[in-house]
Amino acid sequence: MERKNAAMAIVTLFLILAGLTGGTLFGQTNRETVDVMVSGGTVVSMDAKRTIYEDGSVAIRGDSIVAVGARAEVEAKYKTAQTIDAKGRLVLPGFINGHTHVPMTLLRGLHDDVTLNDWLYKYIFPAEAKNVNEEFVRWGTRLAAAEQIRAGVTTFADMYYFEDAVAEETKAAGMRGVLGETFIDFPAPDNKSESEVLAYTERFLKRWQGDALIQAAAAPHSIYTCSKKTLQDAAALARKYHAPILIHVAEMKKEWEDSEKQNGMSPVQYLEKIGVLGPDVVAAHCIYVDEADRKLLAERQVGCVHNPSSNMMIASGVSPVPEMRAAGIAVGLGTDGPAGSNNDLDLMEEMDLAAKLAKITKMDPLALNARAVVEMATIDGARALHMEKEIGSLEAGKKADLALISLDEPNAVPMYDIYAQLAYSLKGSDVETVVIGGRVVMRERKLLTVNEEEVLRKAREYGKSVSLSLGMK
Ligand SMILES: [Zn+2]
């Protein structure tokens with residue numbers, strides 16, 4: 001009797017094990033070892049077929065994904081010592097913030113609800129002249145890294161000054177960045193002349209070549225703050241090092257009107273005429289772009305970045321996003337700001353606003369849907385930054401950049417449609433765990449690469465010193 005029971009127990013144990021491993025018990029000894037396994041979540045891959053794995057796993061080795069699929073299949077092939085339990089969570093490619101100025105976190109809310117002109121000339125330019133130095137930029141970047149990681153952003157494109165310091169802090173926080181040193185035709189906080197900015201940017205581009213996380217870029221600010229020569233010199237320097245060119249394009253009505261008057265053509269056509277447009281350009285805003293402009297942007301494979309919060313907050317206009325997508329342009333999403341034109345770095349909010357802004361502008365609820373804005377925050381954002389071979393979806397061979405989003409929140413249940421939930425219900429604060437290049441940078445809402453307490457304290461101190469410098473309090 002006893003022997004019979006023991007035999008039964010062994011058979012039962014065998015059946016359980018075989019069931020647990022998807023019937024591959026005998027294949028287990030051959031399983032390859034990976035560094036991290038994100039296991040058991042609803043994996044929203046954003047691959048070409050937009051595959052969703054209800055009970056999925058992502059296997060990670062080094063900084064890359066080696067497998068994505070149904071949990072049973074992935075775990076039949078791979079084993080690991082480090083499992084991140086994603087059960088009951090959404091697993092997404094990390095969000096891509098295609099346009100921002102991260103050190104400006106320290107000027108967040110400095111003075112809002114004024115015209116762009118007043119904001120720039122009465123507050124921002126004086127505040128920058130008196131306060132912005134390399135140390136300021138470092139603390140602002142650390143603060144922005146904390147805020148962005150908390151909201152599931154894994155890659156961002158930035159345009160500011162002392163961009164080499166932005167790059168160092170971005171790398172230290174374990175984030176991926178396309179970071180552009182700003183060219184502007186007046187003395188900036190870091191470089192006082194064009195020859196200085198050219199020399200600085202050349203050193204900067206050389207230094208970061210081949211880095212795993214940082215892509216150094218040149219960022220001529222816009223056609224209204226840069227001469228033709230500055231624009232062409234910045235583009236030529238970037239192209240010498242195969243670096244991206246980040247620029248604000250057609251972001252204001254005045255910019256478009258002035259270009260028509262001075263150049264006899266639109267901002268987009270002017271940039272084409274002077275040889276700037278190309279498949280290495282990332283154009284922020286693209287609000288005043290007509291059909292001919294859109295055709296040109298598509299032909300030249302320019303990436304565009306839509307910033308709905310910013311466009312609404314400074315009342316600059318509405319980018320024709322549905323038309324740009326229809327023309328075949330890669331359109332990503334950005335927060336811009338974070339000061340004066342947003343004022344935060346939450347890309348999930350931009351998804352929500354992008355859809356709703358398009359709907360109300362066209363008085364058509366079908367104008368831009370939830371899936372489209374999730375694409376803009378992930379795979380299309382990657383295309384806009386010309387990085388779609390590396391990031392933007394969860395697929396074998398791509399970088400292991402991903403965000404786990406909690407569904408155990410009052411705003412997360414019930415869930416009928418994943419894309420609608422992402423666009424309209426879930427918030428950046430629902431992000432729990434973030435992995436960038438295979439490294440866990442936030443685990444269950446605890447930041448692992450930024451000393452948050454110290455950063456918050458420093459940011460409050462900067463708040464006081466900036467106010468004092470402007471005689472505000
Ligand atoms: Zn901007």
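His248 and Asp336 are both buried, meaning that under 20% of their relative accessible area is left open to a 1.4 Å probe, with protein chains only. This is a predicted model, in which local features need pLDDT of at least 70, side-chain atom pairs count only at pLDDT 80 or more, and totals for chains, interfaces and linings use all residues. Residues are numbered from 1 along each chain as its sequence is written, and side-chain values use heavy atoms, with hydrogens and water left out.

What do these two residues hold? Together with His99 and His101, they are the protein donors of the zinc ion: the NE2 atoms of His99, His101 and His248 and OD of Asp336 lie 2.1 to 2.4 Å from the metal. A donor here is an N, O or S atom within 2.8 Å of the metal (3.2 Å for Na, K and Ca); water is not among the atoms, so sites may look incomplete. Along the chain, the donors follow the spacing H-x1-H-x146-H-x87-D. His248 sits in strand β12 (residues 245-249) and Asp336 in the loop between β15 (331-333) and α13 (347-362), so this pair ties together parts that are 88 residues apart in sequence. Helices (H or I, at least four residues) and strands (E, at least two) are DSSP runs numbered from the N terminus.

His99 also helps line the largest cavity, alongside residues including Asp158 and Leu246. A cavity is a set of 1 Å grid points where a 1.4 Å probe fits but cannot get out, and lining residues have an atom within 4 Å of a point. Strands β8, β9 and β13 each supply at least two lining residues.

How values were computed:
On a 1 Å grid over the protein atoms alone, a cavity is a set of points where a 1.4 Å probe fits but cannot get out, and a pocket is an open set with protein on both sides within 12 Å along at least five of seven lines; lining residues have an atom within 4 Å of a point. Buried means under 20% relative accessible area, exposed over 50%, partly exposed in between (1.4 Å probe, protein chains only).
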